[in-house]
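Me: I should like a close look at a single part of this model, namely one of its pockets. Please describe the pocket in a connected account.

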Amino acid sequence: MGQHTTAPQKGLRAGLAVALVVGLGGGVYAVWDAKHGECSDVSDISVIVEGDLGGYVTQLADQAEKNSCIDYTVEAVPASHVNDRLTQADAPDIWVAESPTRVRQVANTLGRTWSDIGPSLGTSPVVVAGHQLPDLPSWSKVLTMPALRVDPPAKSDVSNAAVVGALAEMSSGSMTHQQLIDTLTMRALRMNDEDGAPDLKAMAASDKPSLALTTERVFAAFKAAEPDAAINAAVPQSGTVALDYRIANVAQGDREAPADDAIVALTSVLQTDEGKKIRQSENIRPADSSPLPDDRGVGNANIIVPPNRELVDNIQRKWTALTLPIRALVVQDVSGSMKQDAGGKSRAELLRDASVFGLSKFPRNTSLGYWEFSSDRGGEGIPYREVVPIGPVLGTTDGKSNKDLLAAAIDNSLSNLHGGTGLYDTALASFKRVYETYDPAYSNSVILMTDGRNEDRNSITLEQLVSELNIMKNPARRIPIITVGISKDADVNALKKISDATGGSSFIALDPKDIGQILLRAVSYRVEGA
């Protein structure tokens, strides 16, 4: 297992032969009884596994290899990196996701048509763990608790399950749609200023009140290792949602059929005594969510039936967008026209004030970089110059706060105004930089601000720029260019075409005094259209 290829074993490798039909996770799938014999061909199948399921799937694959003509390579991939991994040249054949909703989300983002989401490899209810647990009447109440910590959906599907629980409460009439949106918005704001779900061991060692959303399997494993720890777990009285570890065939072309066979061989292991032992040793429930043995976990938990699929997919898209931290390259025009008066202050002074104001409003987990642009700023014929590379605003560089360095860089740039506006080359270069350094755990974007129009006669044309942006556009690497035009002199048409080509949006501040509010709207754009 792992990154290797196992040689065929005589007497163990066999063609997949007699099919037995069994029900798994609500669907009907074939389980094969292999006839012992020597394999003439061995299929190499690559599997990516989401979250912390790598060890579990590796054990199942080891067993499947003993009675099939298949070699599995299992790779653990963070949830935030799955989209990118599925579009690489060596894309996997099989994906084990934390839920079928995740599979649908990714398929929609990538424009794929995976019609058959396979069976469940087991389930694990989402639980609330902590010291002296308070009453947990509902998920909507849990999500408002200040002490609660939870990883964002870019790291784990646990918070998505809690959101589905709250959505089920809305569907039953116990809360309104607006109450749900308000609850999720406030929780997302907290999450962007927190460090995610705390480690259960660290919680047990501290007297501070803390609650964490986690899975029953994580809690049960912790209690087995730390039986005396003063950490308990429960589910809301309204019930809970279980992560439903689904296996999906994501192979393309002639890889689809071997991947189907590999899924059959892998899921058939769970029907054997050895497979059941592996599942139970990992504290994973069977597909029907019946309780773990030996009083492990939370016992007979009421598992909520998720509402309408479209409702679930819609709310989870918005929740994911809302919780993604910001990673943006801010690109500002420092041409001579920025000296023009805008009602007592120059355009540059107003932009500087708005930028410093915006810095104070970014969440703690934001990453920002800063470029300036005007004629020859980066050398002869190069209109752009990197001033501060993209990095966490809470970090430090050479002992100085990154946020202070950004503020100083913006102040210095907007105090040194000259030259014309090299808009088109700058827009393309900034997009390429964010593309090359793309981080799938973030919402990546370019925020480009200018008061003029392209004045570089040697640059690419607007049509060439738009064409290049359309060629580079990748659904697995969404990078909107959000343009902000300052004053009536800004080229509204060009800015809109640049934004439209990347799925971004264009804002125009006809009164430069409105720059601050427009900048905040531009920053929040990542949630729109989700």
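Reply: The second largest pocket of this predicted model draws at least three lining residues from each of two domains, domain 1 (42-121 + 244-282) and domain 2 (124-242 + 290-320). Its volume is about 500 Å³. A total of 27 residues line this pocket, and those closest to its centre are Pro 100, Val 241, Ala 242, Asp 244 and Pro 306.

Several elements of secondary structure give two or more residues each to the lining of the second largest pocket. Three of them are helices, namely H3 (100-110), H5 (158-171) and H11 (309-323); the strands are E6 (117-130) and E10 (242-249). Of the contributors, E10 gives the most, with four residues. In chemical character, the lining comprises 13 nonpolar residues, eight polar ones and six charged ones.

For a view of another part of the model, helix H15 may be considered. This helix spans residues 462-472, and its residues Leu 462, Leu 465, Leu 469 and Met 472 are buried. These four lie on the same side of H15, because they cover an arc of only 100 degrees around the axis. The general geometry of the α-helix is relevant here: with 3.6 residues a turn, residues three or four places apart point the same way. Among the elements that cover the buried residues of H15 are helix H14 (423-436), strand E17 (481-486) and helix H16 (492-501). On the face of H15 turned away from the buried side, Glu 463 and Ile 471 are exposed.

How values were computed. Residues are numbered from 1 along each chain as its sequence is written. This is a predicted model: local features need pLDDT of at least 70, side-chain atom pairs count only at pLDDT 80 or more; totals for chains, interfaces and linings use all residues. Side-chain values use heavy atoms; hydrogens and water are left out. On a 1 Å grid over the protein atoms alone, a cavity is a set of points where a 1.4 Å probe fits but cannot get out, and a pocket is an open set with protein on both sides within 12 Å along at least five of seven lines; lining residues have an atom within 4 Å of a point. Grid points are joined across faces, edges and corners, and a volume is the space filled by probe spheres set on the points. Ala, Val, Leu, Ile, Met, Phe, Trp, Tyr, Cys and Pro count as nonpolar, Asp, Glu, Lys and Arg as charged, and the others, Gly among them, as polar. Domain bounds come from an automatic or database domain assignment. Buried means under 20% relative accessible area, exposed over 50%, partly exposed in between (1.4 Å probe, protein chains only). The arc is that of the directions from the helix axis to the C-beta atoms. Contact means heavy atoms within 4.5 Å.
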